[in-house]
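Here are some exercises to try with the structure open beside you. Have a go at each task before you read the worked solution.

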Amino acid sequence: MDYFIVGDVHGCFYTLKKLLQHWDSDHQKLIFVGDYINKGKHSHKVVELVRALQVKYPGTVCIKGNHEYEMVQYIEKDIPLQEIKENFRNTLAKYDLRDQYRDDLKWMKRLPLRYEDEVIYVTHAGVNWLGLRKFKENSSWSVLRYRGRLKNMKKLQVFGHTPTESKHAEYSKKYHALNIDSGAGNFDNMTAVLISESGEIKKLYTENVKKEDYH
C-alpha cells in the first residue's frame, strides 16, 4: 500500500478537506505529521475530522506535534490563561479542552512520536543528526521540536514543523529527508506527499490555505 502523508495543519480545516480530496483511501495509508491545532480558526473541527478518519480507517496514523504536546502541558499543569501563549489562548477560547473536550486532550497526549516501517520514517520535526534525546518530549533535540542538521535514517524521512522558505515541500538528498511543512501555520500552503510502497516520492500536492481558515 502507498502512503499519503499530510504536513502541518494548524487549524486549517477547509484547506485540509480540500487536500484530502487527493487521497485514495482504498490504496493509500493516511499519515499526519502533527500540529493539528492553533493559529488557524478551526482546531476543533480539524481534530474532530482526523479522529473520525482514524475510526473509519483504522490504519490511519496521527503523529504528535509540539503544539499538541504543549497544549497538554498547559492544561495538565493548570497554567493560568494569562501565562499561556497567544496561539493557545485563542484556541482555548473556542475549544474547551479543559472540560467539554477533555477526551480530545487525552487523545493528544496518547499520540505517538513516530511511524516507522521498512521504507519510511515519519516524525513531526525530524531526527537530529546525533540521534540524541530524540524521544525526550521536553527536549529541544526531540522529534517534537528539533530544527537543524538531520540524521540520515537510511530510509525516506518525512517531517514538518519548520516551514520551508519556498512554501513548498523540500527534499534533501544528503539526508534523504522531505520537509512537507509548506507554511499552513503562516496561512501560506498545506502539503501532502504520495509515497510508493517502496519508499519513492510519487507526487506532491499543495493547496493554498483558504481564507475561511483564518479570516
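**Exercise 1: The overall picture**

How many helices and strands does the secondary structure of the protein come to? Then work out whether the overall dimensions fit a compact globule or not.

*Solution.* Keep in mind that you're looking at a predicted model.

Step 1. Count the elements: you should get five helices and ten strands.

Step 2. Check the radius of gyration. A compact globule of 215 residues would come out near 17 Å, and the protein has 16 Å, so the two agree.

Step 3. Box it in. Along the principal axes, the C-alpha atoms fill roughly 45 × 40 × 35 Å.

Step 4. Look at burial and contacts. Of the 215 residues, 53% count as buried. Take the contacts with a separation of 6 or more: 60% of them are between residues 24 or more positions apart.

Step 5. Finish with the surface and the charges. About 10200 Å² is exposed, with carbon and sulfur atoms supplying 47% of that area. There are 35 positive and 29 negative charges, and their mean positions lie 4 Å apart.

**Exercise 2: Put the sheet together**

Find the open sheet that contains β9, and say in which order its strands come.

*Solution.*

Step 1. Read across the five strands: the order is β3-β2-β1-β9-β10, with mixed pairing. The edges are β3 (61–62) and β10, each of which pairs on one side only.

Step 2. Take the β1 side of β9. Strand β1 (residues 2–6) runs antiparallel to β9, and four bridges join the two. One bridge to look up pairs Val 6 with Ala 192 of β9.

Step 3. Now the other side. Seven bridges join β9 to β10 (residues 201–208), again in an antiparallel arrangement. Among the pairs, Leu 194 stands opposite Lys 203, and Asn 189 has Asn 208 as its bridge partner.

Step 4. Follow the chain from β9 into β10. The two strands make a hairpin with five residues between them, and Gly 199 in the turn has a positive phi of about 90 degrees.

**Exercise 3: Two faces of one strand**

Are the faces of β9 covered or open? Explain what that says about the strand's surroundings.

*Solution.*

Step 1. Start from the general rule: side chains in a regular strand alternate between the two faces of the sheet.

Step 2. Sort the residues by side. Asn 189, Thr 191, Val 193 and Ile 195 go on one side, while Met 190, Ala 192 and Leu 194 go on the other.

Step 3. Check burial. The residues on both sides are all buried, which leaves both faces covered.

Step 4. Draw the conclusion: seven of the seven residues of β9 (189–195) are buried, so the strand is largely enclosed by the rest of the structure.

**Exercise 4: Buried or partly exposed?**

Classify Leu 92 and Lys 210 by accessibility, then list what each touches beyond four places in sequence.

*Solution.*

Step 1. Locate Leu 92: it sits in helix α4 (residues 86–94). Its relative accessibility is 13%, and the cut-off for buried is under 20%, so Leu 92 counts as buried.

Step 2. List the partners of Leu 92: Met 71, Ile 75, Leu 81, Ile 84 and Leu 97. For a sense of scale, Lys 173 is 81 residues away in sequence, and its C-alpha is 40 Å from that of Leu 92.

Step 3. Move on to Lys 210, in the segment after β10. With a relative accessible area of 28%, Lys 210 is partly exposed.

Step 4. List the contacts of Lys 210: Tyr 14, Thr 15 and Lys 18. Tyr 74 is 136 residues away along the chain, and the C-alpha atoms of Lys 210 and Tyr 74 are separated by 29 Å.

**Exercise 5: Positive phi without glycine**

Look at the backbone of His 10 and His 161, and find out where each one lies.

*Solution.*

Step 1. Check phi. His 10 has a positive value near 50 degrees, and His 161 has a positive value of about 80 degrees. Neither residue is a glycine.

Step 2. Place them. His 10 lies in the loop between β1 and α1 (13–20), and His 161 in the loop between β6 (156–159) and β7 (170–172).

Step 3. Check burial. His 10 is buried at 3% relative accessibility, and His 161 is buried at 7%.

Note on methods:
Residues are numbered from 1 along each chain as its sequence is written. This is a predicted model: local features need pLDDT of at least 70, side-chain atom pairs count only at pLDDT 80 or more; totals for chains, interfaces and linings use all residues. Side-chain values use heavy atoms; hydrogens and water are left out. The radius of gyration is taken over C-alpha atoms; the globule rule is 2.2 Å times the number of residues to the power 0.38. Buried means under 20% relative accessible area, exposed over 50%, partly exposed in between (1.4 Å probe, protein chains only). Contact means heavy atoms within 4.5 Å. Accessible areas come from the Shrake-Rupley method with a 1.4 Å probe; for residues, only the protein chains shown count as cover. Lys and Arg count as positive and Asp and Glu as negative; His and the chain ends are not counted. The place of a charge is taken as NZ of Lys, CZ of Arg, CG of Asp or CD of Glu. Two strands pair if DSSP finds at least two bridges between them.
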